[in-house]
Every structure is written in C-alpha cells, then in structure tokens.
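Reader: I'm new to reading protein models. Could you walk me through this one?

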Amino acid sequence: MNKPSDLPLHAVRSHEEDSNTTPNPTFDTILQARLSRRGLLRGGVGTFGTAMLGGLGVSACGGGDDKVAAPAEKLLAFAAVPKSLADTVAVPAGYTATVLYALGDPLAAATPAFKNDGTDADFENRAGDHHDGMEFFGLGADGKPSAGATERALLAVNHEATTDEKLSSFFLHANGGTTTLPRPASEVDKEVAIHGVSVVEIRKTAGKWEYLKDSSFNRRVTPLTDIEISGPARGNALLVTRYSPTGTKTRGTLNNCGTGKTPWGTYLTGEENWVNYFTRSATDDTARGNDKSVTSLKRYGRAQGGASRHGWESAGADDKYARWNISKTGASADGSDDYRNEMNGMGYIVEIDAYDKARAIKKRTALGRFAHESASFGVPVSGQPLAVYMGDDARNEYMYKFVSTATWNPADAPAADRVAIGDKYLDSGKLFVAKFNADGTGQWVELALSNAAISGYAAYAFADHADICINSRLAADAVGATKMDRPEWCAVNPANGEIYYTLTNNSNRRVEPSGSSQLAPDAANPRAYTDMKGTTAQQGNPNGHLVRIKEGTGAAAATSFTWDVYLFGAESGADKGMVNLSALTADQDFSSPDGLVFSPSTGICWIQTDDGAYTDVTNCMMLAAVPGQVGDGAKKSLTYNKAAGGTLVVETQVGKAPTADTLKRFLVGPSGCEITGLCETPDGKAIFVNIQHPGENTSQANLADPTKYTSQWPSNAGYGAGKRPRSATIVITRNDGGRIGS
Ligand code: FEO
Ligand code: CA
Ligand code: CA
Ligand code: CA
C-alpha cells in the first residue's frame, strides 16, 4: 500500500503504523570510521559461487577481485520504456503484455462471470483484490508437480487489501457501500472474502496463456480459513482465544504482501498491514490492568481507542465479526472467552502447499511477527542451515534473518509431504535482527533470552522464546537494532548469494529530527532531503533506496556481514551530490522501490515501485537490473547544513553507479497502481506481474461516473466487463519467443 501521505483524496488512510519510538542508536555520531571496506572485501569470493552460475548461463567472477559476472547473452538489450502517466501497461517494443487474471474472475465452474458493477457475489470462489506477491508452481501434463514445466502451472497470488476511502471497499459494492458504522454483514462478508490468497491454474494453449476457471486446483484462502499456529508460539498463552482456547489455531491470513518459495516447493506469504483491521475500546488499557499486553499492542501500533480500517467488527454479534474487536471484554484470566489475544494470531510468514488443498496451512512463528513482506531463502547448501531473509515494512523498523536448526538435505526437494518438510526447517531455529555500522560492516544480533539485553529489557518482560517470536519488534528494540527506511521485499542474488532489500521511503528522516518518531540520517539510511511534487514539499527520504548485504564467515549462519547501498531512488534531474547518488538517467530514474525478485532464468534483478512521490511525472514501474556486488562502489560523505549553523556529516557506502547496460526501465503501469509480484516460467520466456489497485486515487464520490475514475484498466485493455478498475495479473512474452529481458 502507499503511505498515507501519498493519498490526498483519502482523508483517513493509515495502513502502515509508525510506532517505533525506542531510542536505539543511529550512526551520525560514528563519523570518524576510516576502515577501508573495499580492502576488507577483496579476497572473499561469494559463498555460493560457481555451482549456481552454470545454471544461470553466466560465468563466475574470480575470487578476490571486483569484477561483475559477465552474462553469456546480452541482458537488457531492449529499449527503455519512457516514464508515462498513460492509463495503460507499457512494455518495450517487441514485447506483449496480456491480462490473465483479475479481481472477481471466477475460480469455479458454477460461479458466474464477473459483472464488475458491484452486484457480484460468491467471492470465496473468485479472484481476490489487490494482487500482490506471486509464485509459480509448475505442473506436468499429468497434473503432478513439475519443476521444469513451462506450459502448465499454478499461480499462488496474494490479495493484500482493497481499494477504500471511507470504511467501505467502494468498487466492490453497487452504490459504493456503507461509509458509517455499523457496516452491513452482506458488505463485510464480501470484503473479508476478497482478502487472502488464491491459487489458480494457468495453461499455455496454442501460444496463449489463460487461467482455467474450472480447475480442481483452484482455491481461495481467506481471513476465515482455519490455519494452524506452528513453531515456538504454538499453544502459547498469548494465542489463546475463544476460537482456539488451546492457542493452536487461528482464523485466516490477512494483508498478504510479499511472498517466498521454499526449496521444497511450498508458498510463503507475508502478513503486512493487519494491525489496522482491529479495533480497541477507549478504556481497554485499564480493562487489561495495564499489563504487558498493552506494551505489546502499542508497539505494534494499536493504542486503545484505535478504529478499525473497515469496521468489520460492527457487522453483528457473530464470532466472525466480534473477533475484530480485540478489547478485553471477557471475565476469564486467560482470554479464552474473548478476542483480546486475536491480533497475536496475525503478522507471520504463512506456509501453504499450493499443490494440495488437503494439507494444513501453517503460520511459521519462529520467523517472527511483524509487518512481513517477502521471505527470501539464501542459496541452499547441502549440510548447512537454511537462511530466510525478511523485512518489517513500517517507518523505522528492522531487517531480520531466520536460520534453521536443521541442516539442508537436498533430498528434501522435491518432497511428497511438503508441509512436513516445512515443519523440519521452519519451526526450529534462531531469529536475528540487523545492526548496521558506518564502516560498511554489520551484525546479525540473535533475538534470544540468553541475550541479557532481552532477558533484562526494562520495557517488556519476555516470558519465553515464544514471547520473543510474537513480540519480535520489542526484542529487536532491546538489542538496539538499526531503524530502517521501511524494509519492503528482499531477494537473494543467485549468482553470488548477496541479499538485496528495498527500503521504499521514509517521511520521518530529518537532518534535525524532532519528536520521538523522526530520525537523523545514518550510514545505511543516509538521505534526508526535500523533493517537490508539484507545489508540495515532500521531506525525509521520499524516493527510497536498496541496501545489499554480503554474509561473512558461516554464510547462512553468519553473524557478521558487509553492506553497501546498491541504488538510490531519485529523479534524474536531482542533485547528484546529495540526492541522485546513483546518477540515474531518465531511462533509469525511479522512486519508492518495493517488489524485488531475481529471475532464476536470467539472473536479472527486477525492481518494482509502489510510489506516491514521483507520480506527478510517472505511474509506478518495473526496472530490470544487472547488479554488481557489495563493495563495487565507494565510500561517500554527505554534509548537511543545520538550520542554526554547523553541519551533520553522514558517511555511507555507495554501490557502483549503474550504466545503460545494467539498469533500464522495462514497464510502466496504468494510473494509480503499484507494480508488485513477479514469477516466471523456468525457461524465462514468460513472466507474470501484478498490477495492484489501478485507479486507487479515485474519489468514492465519483463512483457513479466512470469518466471520473482515475483508471479504467483493465477494461480499457479489452479485459472483462464494466469500467471499474481491477487489480490483475498480466503475462509478458517476447514476440520472437525469446527470454524476457535479454
Ligand atoms: Fe504491501 Fe509494504 O507493501
Ligand atoms: Ca507496497
Ligand atoms: Ca518531484
Ligand atoms: Ca510491498
């Protein structure tokens, strides 16, 4: 979702909460570090090296030098797509983008075609809204899982949220829906059902990709689906609810944003902006006796009196509505008679077997609880633990890594009972949080009771490791983790194992911060500047950046790393000394990176944007990149003038500036959308991309007049009935049948 300030038409939008006011250190005080990081980095070849490279069609770089892997075929040979405000999907000449699967499309033979006029029903059997992260699960001609399949597959798709303005999901209802409380159950039921995940079969027939309406693989997972709590928090007192007095289950998954795919072939979905779906009474702190649950609720952005985003709790006495009110209303000591603990059941990485509806869906609590985006595996090495990298997308939040207790056995992929393999690798392990140093080094700090900073943390008394998993943010506060500019997706470069994170933007960076939520720039988040959007000044780090990490000794289990800033988002015309630090050209400039996926086929790094800063000039976009490696650039000092005189000097590590051959805009989306989620056929000849919330900035008051919609996509691309804009999956192919991006 866009940050609230991106949405001037929407008076009450606050989907990303902003509650990290801990006084963790920043690095502006560490200015004299003079370590030569390039010197440190020379001599260390990527841990995952050459074995991966053969499969990528690229040649390995030698250990100890800074050469970038040389592609065997020319990548990024296409002509860059110009920035655009047109209500269309633009791709390079020689490529075709086709709409494949949109909000409301039926997933069962008995479900009628989508009329797209607000009268449709049966959303439990239709594509959900706000398509987000997505993964590809190949199927052979026999309908069995097939890693090499290129013409038949399942797409697992996140449906993050819905387009709303005043409580209602207004494109979903005939008259825009009810904008006051109480909300009618009939509207709420539709809105709940369009959240979650879908699995849909797709096939290529006579050269054309289509989704199959009547496939027996098609399914929906919604906020009402029964889901197991797995890992350390299973059965914990903090998960006891009226629905699950044993704390072993919860209902559904919510705000599914980034994704991951396990080495054993299951789908991982991250729960992101769930906080604001719950409400608390204005006197709940007292009702709870001001116990530690209040500390937890505040840290996750749910102060007492907080109103819910859609008012779902108001639709009736039925449990499925009551659960959204997390006030303590019952008399029990343990919470088994109300939903005071219900929010502790959201905020996880959730594992789904896309191939098998009969398998349990599991929330993997060992991977921590926060506003999850993607879950990206380090390159698996036989006999070594697995690493899963993750980000917490809110202003000033953290970057995390999970390291499995079990060591990788390649015989576990592919697996027959894939969820049992998930139990093996994802239910036991160590959770770490990242701390960045100004000299280009950093640490992964373990979140464990054995750390005195956690066991002795004054602000919150952790009971056990489950408590750390459920309250990861508080544990990360306790160890002084580095507050980042909204960590979105992360992705691992298959060529060398380096880990890339998008940091989408942060309106709270200031050279001279005031209040508890503003922060000074630091080494890993070094920019604080003003960007004009028309006549509106946007402050902080409006355009975002990408940080990358190279693990130190121990690879997946490493507790130290080196890092640099791979790219800074910026307008090409911005000051190259302080803002456009990557010297982006007009063919490369972008703002607010979010989705991030390395192509297994070509090695291309796809960067997708969810922007509200540069949208006076261009719609959101996707770029193709061929990155180098950590340390290929140079150290840089940024000198900021202070209002009352004097300066703030911030030292950072800037990656080598891209060239026209290493970064190029590939796609621009329709109006009001974000571009998010990408997967591909194993031959790299088709990629699937999601267009989320086109027309999001339409005013609810204009629902009756399609000419006032800010987007009519995809109907204006010839897809489906009605003119209401719809989130959708597109498939991109090359007209000559070649690999995408080469
Ligand atoms: Fe759902 Fe942080 O993007
Ligand atoms: Ca987003
Ligand atoms: Ca601007
Ligand atoms: Ca995202």
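Author: Sure! Keep in mind that this is a predicted model. Let's start with helix 5, which covers residues 292-299.

Reader: Which residues of helix 5 are buried?

Author: Buried here means under 20% relative accessible area. In helix 5, the residues that meet this cut-off are Ser293, Val294, Ser296, Leu297 and Arg299.

Reader: And what covers the buried residues of helix 5?

Author: We're looking for elements in contact, which means heavy atoms within 4.5 Å. Two helices and a strand are part of the cover. Included are helix 4 (284-287), helix 10 (472-478) and strand 15 (395-397).

Reader: Which residue with a positive phi follows helix 5?

Author: Look just past the helix for a phi near 90°. The residue there is glycine 301.

Reader: Now the sheet of six strands: which are its edge strands?

Author: The sheet is open, with mixed pairing and the order 8-7-12-11-10-9. An edge strand pairs on one side only, and here that goes for strand 8 (249-251) and strand 9 (256-261).

Reader: Inside that sheet, what is the bridge partner of serine 230 in strand 12?

Author: Strand 7 (residues 226-230) and strand 12 (residues 362-364) run parallel, joined by three bridges. Serine 230 has its bridge partner in strand 12, and that partner is arginine 364.

Reader: Which helix packs on the sheet, touching strand 7 and strand 12?

Author: It also touches strand 10 (267-271) and strand 11 (349-352). Its direction makes about 20° with that of strand 12. The one you want, at residues 418-426, is helix 7.

Methods
Residues are numbered from 1 along each chain as its sequence is written. Chains are lettered from A and ligands numbered from 1 in the order in which they are written. This is a predicted model: local features need pLDDT of at least 70, side-chain atom pairs count only at pLDDT 80 or more; totals for chains, interfaces and linings use all residues. Side-chain values use heavy atoms; hydrogens and water are left out. Two strands pair if DSSP finds at least two bridges between them. Helices (H or I, at least four residues) and strands (E, at least two) are DSSP runs, numbered from the N terminus. Axes are lines fitted to C-alpha atoms, for helices over the stretch in contact, and angles run from 0 to 180 degrees between N-to-C directions. Buried means under 20% relative accessible area, exposed over 50%, partly exposed in between (1.4 Å probe, protein chains only).
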